[in-house]
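User: I would like to go through the unusual backbone geometry of this model, one residue at a time. Please give the reasoning before each value or name.

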Amino acid sequence: MKINGTAYRSVWVDTEDSWSVHILDQTKLPWSLDVVRLVTRDQAAHAISSMQARGAPLIGAVAAYALCLALRNDASTEAMERDAELIGATRPTAVNLRWALERMLTRLRNTLPSERVAVAYEEAALIADEDVARNEAIGRHGLPLIQAAARQPRCMGRPLGRPLGHAVNVLTHCNAGWLATVDWGTALAPIYAAFNAGIDLHVWVDETRPRNQGAALTAWELGKHGVPHTVVADNAGGHFMQHGMVDLVIVGADRVTRTGDAANKIGTYLKALAARDNDVPFWVAMPSSTIDWTVSDGVAEIPIEQRAAAEVTDMTGQMADGTIATMRVVATDSRAANPAFDVTPARLVTGLITERGCCAASAEGLLALFPERR
Ligand code: MRU
């Protein structure tokens with residue numbers, strides 16, 4: 001996608017040295033666009049754990065490049081296995097991390113140590129390029145859902161009707177846009193496709209406390225593409241649904257079980273409950289690299305990352321004079337808990353949008369699209 005007319009991906013290899021890895025520092029957005037150059041395994045691992053690079057598909061791609069950087073230092077089998085384990089421990093919920101490392105190891109275990117670096121970069125580039133293609137396909141398959149909403153009669157007999165002319169109103173949570181993937185995004189891919197197709201649409205962007213990925217990242221990237229949007233407090237979505245102001249919800253996912261349960265940023269489950277109560281379609285968009293075929297019960301089996309309490313007690317923002325400041329917003333003596341994800345059970349999900357098409361959030365639905373997993 002473009003930033004001020006220049007095309008970017010969220011991770012890329014340096015075009016001059018052909019080995020160092022660049023990312024956009026997402027902890028600095030929307031205040032500044034900082035490119036970080038990663039040259040060691042530890043820098044890349046830190047980029048994932050500190051969330052300079054975040055979002056399930058991007059975590060997978062950066063993990064693949066982290067292994068490339070590690071192999072430049074030591075390409076022995078022992079070091080490779082140890083480094084993959086270390087990189088794999090940076091974040092627990094997004095299964096794309098494990099998926100990417102397993103894919104890299106499967107190829108590299110069958111490669112001579114002397115050839116591993118070159119092969120690793122080749123495989124990491126494939127992972128990145130395939131992610132772009134998958135997300136572009138998610139956009140194509142999700143587009144008809146927004147087109148159908150655009151054709152529906154206005155207001156649906158609800159009290160307030162649409163807030164912005166006749167626009168289709170989509171609500172999204174967290175950031176599942178191009179910043180969270182290598183390009184295009186997952187939940188935002190159908191939105192970009194619809195906008196590019198000339199559909200009049202407007203996006204309600206959940207701020208997504210505690211780290212504000214919606215307010216800081218989704219709003220920024222939608223704005224850069226010219227997509228009309230409004231940032232709302234996390235707790236406002238139910239109200240807008242009750243008043244007929246949301247036509248559909250589209251969110252991303254960090255791990256989807258073989259049965260269609262979806263782990264995503266904390267607060268997603270509450271939006272799904274509100275959507276069900278108000279008959280608003282609730283769609284989960286994700287590439288197949290986000291499906292964990294080994295897990296059936298998402299609530300019981302998906303590990304939920306517990307992050308630092310400071311992410312809840314403190315907030316970072318820009319002061320009137322332009323400086324960036326972090327301040328405490330919680331009473332000094334109070335503790336805070338910070339589960340970073342929750343699981344939306346398949347029964348609350350209208351359907352899944354994948355690179356192979358849309359399906360029911362169920363084992364049958366997924367297996368119909370991915371028969372090789374039977
Ligand atoms: O903690 P984050 O910012 O990595 O969480 C990101 C999300 O929850 C996204 O919605 C999810 O990864 C889908 S990304 C296309």
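User: Is Met51 buried or exposed, and what is its relative accessible area?

Analyst: In this predicted model, Met51 sits in the loop between helix H1 (41-49) and helix H2 (56-73). A residue counts as buried when its relative accessible area is under 20%. Met51 meets that cut-off and is therefore buried, with a relative accessible area of 3%.

User: What is the phi of Met51?

Analyst: Met51, the residue in the loop between H1 and H2, is not a glycine. Its phi is nevertheless positive, with a value of about 70°.

User: Which class of exposure does Ser18 fall into?

Analyst: Ser18, placed in the loop between strand S3 (11-13) and S4, has a positive phi of about 65° although it is not a glycine. Buried means under 20% relative accessible area and exposed means over 50%, with partly exposed in between. Because the relative accessible area of Ser18 is 48%, its class is partly exposed.

User: Where is Pro30 found, and what is the omega of the peptide bond from Leu29 to Pro30?

Analyst: Pro30 is found in the loop that runs between strand S4 (21-24) and strand S5 (35-38). The peptide bond that leads into it from Leu29 is cis, and its omega is near 5°.

User: Which loop holds Pro210, and what is the geometry of the peptide bond from Arg209 to Pro210?

Analyst: Pro210 belongs to the loop between strand S7 (201-206) and helix H7 (213-225). For the peptide bond from Arg209 to Pro210, omega is near 10°, and the geometry is cis.

Technical notes
Residues are numbered from 1 along each chain as its sequence is written. This is a predicted model: local features need pLDDT of at least 70, side-chain atom pairs count only at pLDDT 80 or more; totals for chains, interfaces and linings use all residues. Side-chain values use heavy atoms; hydrogens and water are left out. Helices (H or I, at least four residues) and strands (E, at least two) are DSSP runs, numbered from the N terminus. Buried means under 20% relative accessible area, exposed over 50%, partly exposed in between (1.4 Å probe, protein chains only).
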